[in-house]
Amino acid sequence: MDQTTGVVDKYNVEAAESIANSAQLLHIAQAAPIYEQLLSVFPTAARYWKQYVEAHMAVNNDEATKQIFSRCLLNCLQVPLWRCYIRFIRKVNEKKGAEGQEETRKAYDFMLNYVGADVASGPVWTEYITFLKSLPALNTQEESQRMTAVRKAYQKAIITPTHHVEQLWKDYENFENSVSRQLAKGLLSEYQPKYNSARAVYRERKKYIDEIDWNMLAVPPTGSHKEEQQWMAWKRLLSFEKGNPQRIDTSSSNKRIIFTYEQCLMYLYHYPDIWYDYATWHAKGGALDAAIKVFQRAVKALPDSETLKYAYAELEESRGSIQPAKKVYESLLGDGVNGTTLAHIQFIRFLRRTEGVEAARKYFLDARKSPNCTYHVYVAYALMAFCLDKDPKVAHNIFEAGLKRFMHEPVYILEYADFLYRLNDDRNIRALFERALSSLPPEESVEVWKRFTQFEQTYGDLASMLKVEQRRKEALSRTGEDGALALEASLQDVVSRYSFMDLWPCSSRDLDHLARLEWLSKNLNKKVDKSTLPNGPDKGSSSLTSNSNVSSKVVFPDTSRMVVYDPRQKLGTGVPPSTAASGPLSNTVVALMGDGTTNAFDDILKTTPPALVAFLANLPTVDGPIPNVDVILSICLQSNIPARTSGKSRTTSQLQAGPAPSTSDFSGSNKSHTGMSAASFKPARDRPFGKRKELERQEEDESTTVQSQPQPRDAFRMRQIRKSRVGTTTSQTGSASYGSALSGDQSGSVG
């Protein structure tokens, strides 16, 4: 049962498996109704048929077994089920002597004719050949006939791509050599290429067959991934077989394709496209009778598929079978009262094609009395009279008759107007619009007003155009809250009046802008949440604001900056600098720059990639303290980064004292350390040794500036630098000095 709808799902696979397993434990008298119900839902489930028939065979109920085989064999081309059939035939004819052996041979031929092309039919061929060898031969003539029958069976088996084709070839070689080595040489050389071709095709066919789930039950398509994969697998196999990869004769190739279609329908029984493909394949090959039989089976398997019935009727009509086609249409109509509108329309067209105008007119008069008749029937018959019968007067009368019944249908009014357009009858078109708009409610008249406006732009003058547009605004203003705003004139009205087809009196950018303005105008009077305003809520509304309220404030995007997507816009185009500089982007970038000027900001925007400009423009504006980027970088450079200890790294005392001094530490001034070389902060374990160390030092020396190059070691100069830094520290009150990176000590003091 479907838990969402509460409806019992009769195609529940798990439930079906459980029922089948429980039926196996019951006596056949109790299990038979269960199997019948199960097989009515899954009529192509070969394993359920096999269980059912084996239950009857177990109690020697031969008549019931024959009836079951007659119901399932031709629709279930599966080797295990057919081998069960052969066992039954051999059991029945076991004690009938020569007559029973002949019946068994015919049963084998019957089976191989249907499932001999199956990739799993190798054991069947072997079993058949063994049976032929076991037949008694009373004289030389019978012995010769037996050998000939065995040879033909082998020759058919070795050119069939099956799992056992290699073993069958070996058995055939042994058979021919046992009969006559001289004759075997010629026969084997003749069939060797055919066998090689069958073996190669088998290897290719196996790739497609391995993708198929042979235990799948036929259920209506649900759109699951597994079902789609199985559908694709069967499609690939069918396409492979239609290509005739073995290059056999057309008759044998068609037989193999038919077998593949029949097997496919065992699993995709509820797929109408498979039935249609099967029938049209027969029709394209000239086998119209076979195509008709497939369609008959299809409409029986899927009685609710109208598409298959139309395709079936089309095939019957195309070959001149009018009465069978008419019966198909009548089955679509049912009793006439419950027939769909589309069925009425298609039947009228069918009668017009096959029986003439009068038959179609007579049926239309009957169909319009049906309570389920819609305006579609009137439109279809009126257009038929106008286009096929070339009678505009009859068509006009039909439209007028339908207008009395379907005045409330805007689509019918527009179809009537299109018909009058073809007649170039502007007077009646204007009258039709006036009549319709006087009765239609405003919310349903939008499209009619739009068509009326287009009509006046084509047939009317400027005064009539403006008048209809004003009336349209007045009528549609009553449908929404912004009615007064809709009455105002807008530039879009001018654009609408002076456009033609795909030609516009403005650019696409202007169209997007006008659309944006129209949206904004409709939202002018809507309330805006104070939390979305840039300055936040009123300061006087609350004296104190808790931390929880501040943290829970939701920041909404700035919808005023949204633009209409244009697919013609080139990739990589960002926000123009003039637009971005005045929005959140300018605030964000200026905040990152510190005390920067507008000119500097404009210079940055010119060199910034458009994608990065667009990203920065979407960043929120930060109202708060602005950090000094230089100070932050200085702190990061002078901080002690703890390093992992190793056998070759520095000692614990060295780690606590900070990084060892290098000559590059004495090259900068005492104001800032942002220009210091990154090499001076490398842990000792990461520094190169030997020649590699000297090479890297040379590369660093070449890449650094003159100011950052290390100076020679001078003890006196080192003491002077330290004294000057101590003096600078003591003289700076209210500021922080972040110590020397030479010793790792922090000498900063906060005044």
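This report describes the overall make-up of a predicted model and then two of its regions, helix α5 and the pair α12 and α13.

The protein has 36 helices and 0 strands. Of its 751 residues, 34% count as buried. Among contacts between residues at least 6 apart in sequence, 55% join residues at least 24 apart.

Helix α5 covers residues 79-92, and its 14 residues should span 20 Å at 1.5 Å a residue. The C-alpha atoms at its ends are 20 Å apart, which agrees with that expectation. Buried residues in α5 are V79, L81, W82, C84, Y85, I86, F88 and I89. The elements that cover these buried residues include the four helices in the table.

| Helix covering buried residues of α5 | Residues |
|---|---|
| α3 | 46-58 |
| α4 | 62-72 |
| α6 | 97-115 |
| α7 | 122-134 |

Further along the chain are helix α12, residues 250-267, and helix α13, residues 272-284. Two packed helices are described by the angle between their axes and the distance between the axes. For α12 and α13, the axes come within 10 Å and cross at roughly 165°. Angles over 145 degrees count as roughly antiparallel, and α12 and α13 are therefore roughly antiparallel to each other. The crossing in which α12 passes α13 is left-handed.

On the α12 side, the contact is made by N254, I257, I258, Y261, E262, C264 and L265. These meet I274, W275, D277, Y278, W281 and H282 of α13. By type, the residues of this contact divide into 9 nonpolar, 2 polar and 2 charged.

Conventions
Residues are numbered from 1 along each chain as its sequence is written. This is a predicted model: local features need pLDDT of at least 70, side-chain atom pairs count only at pLDDT 80 or more; totals for chains, interfaces and linings use all residues. Side-chain values use heavy atoms; hydrogens and water are left out. Axes are lines fitted to C-alpha atoms, for helices over the stretch in contact, and angles run from 0 to 180 degrees between N-to-C directions. Helices (H or I, at least four residues) and strands (E, at least two) are DSSP runs, numbered from the N terminus. Angles under 35 degrees count as roughly parallel, over 145 as roughly antiparallel, 65 to 115 as roughly perpendicular and the rest as oblique. A crossing is left-handed if the near helix is turned anticlockwise from the far one by less than a right angle, and right-handed if clockwise. Contact means heavy atoms within 4.5 Å. Ala, Val, Leu, Ile, Met, Phe, Trp, Tyr, Cys and Pro count as nonpolar, Asp, Glu, Lys and Arg as charged, and the others, Gly among them, as polar. The expected span of a helix is 1.5 Å times one less than its number of residues. Buried means under 20% relative accessible area, exposed over 50%, partly exposed in between (1.4 Å probe, protein chains only).
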